[in-house]
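The paragraphs below go through one strand with its neighbours, and then turn to the interior space of the protein. Please keep the structure open while reading.

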Amino acid sequence: MGALLKAYGRLFVRSWCPDYGGTLKGVSPRRWLVMALFWPLFVLLQAINGAGLMLDYLLFPDFRRVRVREPLFVVGVPRSGTTFLHRLLAGDRERFTTTALWELIFAPSITQRFFWRGVGRLDALVGAPLSRLFFRLERWVLGGLDDVHQTGLRDPEEDYLALLPVLGCFLLVLAVPDPALWRLTYADRDLPAAEKQRLMAAYRRFVQRHLYFHGEHRTFLSKNPSFTPFMATLADAFPDARFIGCLRNPTAAVPSQINSIVIGGKLFDGRDTADYWREGFLAMLDYYYRHLLEQLDGLPEGRGALSVMENLAAAPGETVSEFYRTFDWTPSPAYRAFLEGEDRRAAGYRSGHRYSLENLGVDPGRLEGTFGWVYDRFGYPRPTA
């Protein structure tokens with residue numbers, strides 16, 4: 001606990017005037033304003049959630065006996081269909097249970113989940129005024145992010161936030177561009193063994209809590225691109241886990257991810273930090289592509305599968321059915337009908353997202369030089385400006 005508090009203190013100090021890896025120095029008034037709002041809210045939320053997590057040991061001690069059986073991890077290159085695949089799989093409600101955004105932010109503990117469930121039931125008895133108000137606030141806060149990552153508090157969401165209290169969530173790098181957080185993007189390679197064990201112990205407790213509340217007979221479904229560099233660590237921590245790795249043409253995935261992180265960076269700092277994020281994410285994504293395929297190739301038969309976004313987008317139902325055959329699972333009639341409906345929707349879907357390599361400062365030649373082996377292996381067309 002002492003080391004964790006010390007790490008929090010270091011990040012707090014470094015968050016006010018980061019030098020962005022030596023590319024930018026000085027004071028950003030916007031950053032100071034954002035940090036003045038961010039830290040009190042962040043600390044308050046962590047204190048409330050921490051109290052709930054501690055109460056679990058007193059009120060629900062049996063959660064530590066819950067067995068985590070054959071969890072499924074959806075990992076991969078960011079912006080490669082992980083969210084789409086996650087929500088397709090989450091449609092199999094008889095098999096899977098997965099995390100919703102409200103649980104990750106406001107109720108990581110069993111205690112909090114029972115509390116909010118009780119509040120929801122009381123609210124429903126009087127016509128659900130709190131629920132309607134909450135929905136309007138949700139759209140006001142999250143609606144502006146729909147072009148980057150459409151989500152709602154009740155939607156299935158990636159569980160990187162589960163490791164936020166123990167500083168295992170890479171998302172914090174937006175608030176604190178610190179090398180200690182960047183190490184998480186090379187976790188299997190760069191994190192000390194003790195650090196990996198600490199993070200996996202905390203994550204296992206999170207999964208046990210989730211299954212205790214939602215039913216330990218169900219299979220835990222995780223979607224988390226930030227777990228791609230943790231694949232070997234996860235496979236050791238959960239020896240019977242399955243993995244689906246998502247991949248996409250780098251010409252689409254790389255600028256899409258850089259675009260989303262630059263937008264996030266602008267929320268925290270009024271200066272032009274695009275160069276810092278672009279360089280960091282080009283190196284990170286190179287590692288992600290390589291590590292994803294290396295780890296999938298090394299898994300025992302029946303424990304890993306590859307999802308190529310171009311195939312998933314064109315035929316989601318058949319793609320997911322193939323994963324079920326790989327893992328020797330049988331979809332229920334209701335879930336097969338669900339997948340057939342997704343196939344029909346996919347036939348008429350056209351993405352409105354277009355990203356210019358030039359506008360994002362990504363040179364086509366560099367993109368090809370870094371990811372040329374991906375273009376060759378999967379037959380993708382070479383990038384153009």
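In this predicted model, strand 1 is covered on both of its faces. Leu72, Val74 and Gly76 lie on one side and are buried, while Phe73 and Val75, on the other side, are buried as well. Why can the strand be called largely enclosed by the rest of the structure? Strand 1 runs over residues 72-76, and 5 of its 5 residues are buried, so the rest of the structure largely encloses it. Buried here means a relative accessible area under 20%.

The next point is pairing. Strand 1 pairs with strand 3, residues 219-223, in the parallel sense, and 3 bridges join the two. Within this pairing, Val74 of strand 1 stands opposite Lys223 of strand 3. Strand 1 also pairs with strand 4, which covers residues 242-247; this pairing is again parallel and has 5 bridges. Here Gly76 has Cys246 of strand 4 as its bridge partner. Val74 and Gly76 are both on one side of strand 1, and both are buried.

Now to the interior space. How many cavities of 30 Å³ or more does a search of the whole structure find? The search finds 1, and the volume of the largest cavity is about 60 Å³. Its lining consists of Tyr160, Leu163, Gly168, Cys169, Phe170, Leu184, Asn224, Ser226, Phe227 and Phe230. Sorted by class, 7 of the lining residues are nonpolar and 3 are polar, with no charged residues.

Note on methods. Residues numbered from 1 in each chain as written. Predicted model: local features only at pLDDT ≥ 70, side-chain atom pairs only at ≥ 80, totals over all residues. Heavy atoms only, no water. 1 Å grid on protein atoms, 1.4 Å probe; cavity = no way out; pocket = protein on both sides within 12 Å on 5 of 7 lines; lining within 4 Å. Points joined across faces, edges and corners; volume = space filled by probe spheres on them. Nonpolar A, V, L, I, M, F, W, Y, C, P; charged D, E, K, R; others polar. Buried < 20%, exposed > 50% of the residue type's maximum accessible area, 1.4 Å probe, protein only. Helix = DSSP H or I, 4+ residues; strand = E, 2+ residues; numbered from the N terminus. Pairing = 2+ DSSP bridges.
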